[in-house]
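Work through these exercises with the sequence and the 3D view side by side. Try each task before you read its solution.

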Amino acid sequence: MIFKAVDRESGRVVGHIELNAIDRANRSASIARVLVGDPACRGRGVGREMVRAALRIAFGELGLHRVDLRVFTTNAPAIACYRQLGFVTEGLFRDVRRVGDAYWSTCQMSLLESEWRPGGAATPDGEAGDG
């Protein structure tokens, strides 16, 4: 399931997100290909709202138990966003992607239905709040 993010004021597409590897038997899915394409929209909560919307579909509409994702360890803003939404880091995949002469690592993160709080952000202790 691929979704596009549309700016409410201009009607322009500013990003996209995918909910894939949907496994109804195990009630799980992965979030992938999260992109806020317009640099002017980055750092303004667009990515967070895209992930929240995907999670509402995953947990609310599809009735899933678990949603996971992988993110490059160099993408600190995305990792911070996912943590604010309650995602927990599960592990590290070292040197999985060659980029030029370097190798990039990813971390695996997940969120369980019992940890999901619609519209809420995680508090510093990792519990979801009303923020």
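**Exercise 1: the largest pocket**

The largest pocket holds about 820 Å³ of space. This is a predicted model. Task: find which residues are closest to the centre of the largest pocket, and which elements give two or more residues to its lining.

Solution.
- Start with the lining. It is made up of 29 residues.
- Go to the centre. The residues closest to it are Val34, Val71, Asn75, Ala78 and Tyr82.
- Now list the elements that give two or more residues to the lining. They are β3, α1 (46–61), β4, α2 (76–84) and β5.

**Exercise 2: the overall layout**

Task: count the helices and strands, then write their pattern along the sequence.

Solution.
- Count first. The protein has two helices and six strands.
- Then read along the sequence. The pattern is β-β-β-α-β-α-β-β.
- Add the burial. Of the 131 residues in the protein, 37% are buried.
- Look at the surface. The accessible surface comes to about 7,900 Å², and carbon and sulfur atoms account for 49% of it.
- Finish with contacts. Take those with a separation of 6 or more: 48% of them are between residues 24 or more positions apart.

**Exercise 3: the partners of β6**

Task: state how β6 pairs with β4 and with β5, and give a bridge partner for each pairing.

Solution.
- Locate the strand. β6 covers residues 102–112.
- Take β4, residues 66–72. β4 and β6 pair in the antiparallel sense over seven bridges. Here valine 67 has leucine 111 as its bridge partner.
- Take β5, residues 88–99. Eight bridges join β5 to β6, and the two strands run antiparallel. Here glycine 91 has glutamine 108 as its bridge partner.
- Check the turn. β5 and β6 form a hairpin with two residues between them. Glycine 100 lies in the turn and has a positive phi of about 65 degrees.

**Exercise 4: two residues in β6**

Task: decide whether serine 105 and threonine 106 are buried or exposed, and find their polar contacts.

Solution.
- Recall a rule. In a regular strand the side chains alternate between the two faces of the sheet.
- Place the residues. Serine 105 is in β6, and threonine 106 lies in β6 too.
- Apply the cut-off to serine 105. Its relative accessibility is 14%, so serine 105 counts as buried, since buried means under 20%.
- Apply the cut-off to threonine 106. Its relative accessible area is 7%, so threonine 106 is buried.
- Find the polar atoms of serine 105. A polar atom of its side chain lies 2.9 Å from the backbone nitrogen of aspartate 95.
- Find the polar contact of threonine 106. Its side chain and that of arginine 70 are joined by a polar contact of 3.2 Å.
- Look at the neighbours of serine 105. Leaving out residues up to four places away in sequence, serine 105 touches Val71, Phe72, Thr73, Leu92, Phe93, Arg94, Asp95 and Val96.
- Do this for threonine 106. Beyond four places in sequence, its contacts include Arg70, Gly91 and Phe93.
- Compare sequence and space. Threonine 106 and arginine 94 are twelve residues apart in sequence, with their C-alpha atoms 6.6 Å apart.

**Exercise 5: from β2 to β3**

Task: follow the chain from alanine 21 to arginine 33, and sort the named residues into buried and exposed.

Solution.
- Begin in strand β2, residues 13–23. Alanine 21 has its place there.
- Check its accessibility. At 55%, alanine 21 is exposed, because exposed means over 50%.
- Check its backbone. Phi of alanine 21 is near 50 degrees, a positive value in a residue other than glycine.
- Step into the loop between β2 and β3. Alanine 25 lies there. Its relative accessible area is 74%, so alanine 25 is exposed.
- Measure across. Alanine 25 and leucine 64 are 39 residues apart in sequence and 9.6 Å apart in space, C-alpha to C-alpha.
- Enter β3, residues 28–36, at serine 28. Its relative accessible area is 17%, so serine 28 is buried.
- List contacts of serine 28. Beyond four places in sequence, serine 28 touches Ala21, Ile22, Asp23, Leu64 and Arg66.
- End at arginine 33, also in β3. At 53% relative accessibility, arginine 33 counts as exposed. Its phi is near 50 degrees, which is positive in a residue other than glycine.

Technical notes. Residues numbered from 1 in each chain as written. Predicted model: local features only at pLDDT ≥ 70, side-chain atom pairs only at ≥ 80, totals over all residues. Heavy atoms only, no water. Helix = DSSP H or I, 4+ residues; strand = E, 2+ residues; numbered from the N terminus. Buried < 20%, exposed > 50% of the residue type's maximum accessible area, 1.4 Å probe, protein only. Polar contact = N/O pair within 3.5 Å; in protein donor to acceptor, adjacent residues only side chain to side chain. Contact = heavy atoms within 4.5 Å. Pairing = 2+ DSSP bridges. Areas by Shrake-Rupley, 256 points an atom, 1.4 Å probe, with all protein chains shown as cover. 1 Å grid on protein atoms, 1.4 Å probe; cavity = no way out; pocket = protein on both sides within 12 Å on 5 of 7 lines; lining within 4 Å. Points joined across faces, edges and corners; volume = space filled by probe spheres on them.
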